[in-house]
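Visitor: Please pick a single part of this model and take me closely through it and its surroundings.

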Amino acid sequence: QPVVGVSWYEALAYCSWLSAQCGRSMRLPSEVEWEAAARGTEGRRYPGGTTFGPTSDNTRATHLRTTSPVGVFPGGATPEGVCDLGGNVRNWTRSVWGADADQERYAYPYDPTDAGREDLDAGRDLARVVRGGSWRGDLRGSHPAFRTGRDPVNRYQTLGFRVMART
């Protein structure tokens, strides 16, 4: 089962702990990196291809009403083998969403060299970008371009995280 109910700060702490355990740099992906994984080099419409259906990912359409074991919906897997990017659990990213007043400054797509967008010390008052669909979401949330912001200190039952290894 995917881990849910962890704050953005707890996800960062886990990445730090995991880095120390394995001797490699582990971190949350930026929203650009997350979308690149979901779309692939072909620029897929959905992580699993050009169409989306109830057997592609765990969304509201499956009527499970909870998380499912990772990989149960192989139709939604990317050609690279990444599962559940279009459903099951939304994912924290390291990217700043901003405060409501800052939405223009934090629009997407953005210049990846803008260091402020990936500032891990940006402050607790700035939301963080969340990507991906969830078991409670609809088709709109399953699209790789869907993005929203969430308070980094809160925990959500539909929100978890992915770890990215730096090589």
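Guide: Two strands pair if DSSP finds at least two bridges between them, and strands (E, at least two residues) and helices (H or I, at least four) are DSSP runs numbered from the N terminus. This is a predicted model, in which local features need pLDDT of at least 70 and side-chain atom pairs count only at pLDDT 80 or more, whereas totals for chains, interfaces and linings use all residues. Residues are numbered from 1 along each chain as its sequence is written, and side-chain values use heavy atoms, without hydrogens and water.

Let's settle on strand β2, which spans residues 90-98. Its neighbours come first. With β5 (residues 159-161), β2 pairs in the parallel sense, over 3 bridges; here Arg-90 stands opposite Leu-159 of β5. With β3 (residues 127-131), the pairing of β2 is antiparallel and runs over 4 bridges. In that pairing, Val-96 has Arg-128 of β3 as its bridge partner.

Now look at the two faces of β2. Arg-90, Trp-92, Arg-94, Val-96 and Gly-98 point one way, while Asn-91, Thr-93, Ser-95 and Trp-97 point the other way. Both sets are buried (under 20% relative accessible area, with a 1.4 Å probe and protein chains only). The strand is thus mostly covered, with 9 of its 9 residues buried.

Asn-91 leads us on to the largest pocket, as one of the lining residues that lie nearest its centre. The others named there are Pro-2, Val-70, Phe-161 and Arg-162, and Phe-161 falls within β5, the parallel partner of β2. In total, 13 residues line this pocket, and its volume is about 230 Å³. A pocket is an open set of points on a 1 Å grid where a 1.4 Å probe fits, with protein on both sides within 12 Å along at least five of seven lines, and lining residues have an atom within 4 Å of a point; the volume is the space filled by probe spheres on the joined points. The lining divides into 8 nonpolar, 3 polar and 2 charged residues.

Arg-162 takes us one step further, since it also lines the second largest pocket, whose volume is about 160 Å³. Val-163 and Met-164 are in that lining too, along with Pro-29, Glu-33, Trp-34, Ala-37, Val-82 and Leu-85. Helix α2 (residues 31-39) gives the largest share of this lining, 3 residues: Glu-33, Trp-34 and Ala-37. Here the division is 7 nonpolar, no polar and 2 charged.

Conventions:
Buried means under 20% relative accessible area, exposed over 50%, partly exposed in between (1.4 Å probe, protein chains only). Ala, Val, Leu, Ile, Met, Phe, Trp, Tyr, Cys and Pro count as nonpolar, Asp, Glu, Lys and Arg as charged, and the others, Gly among them, as polar.
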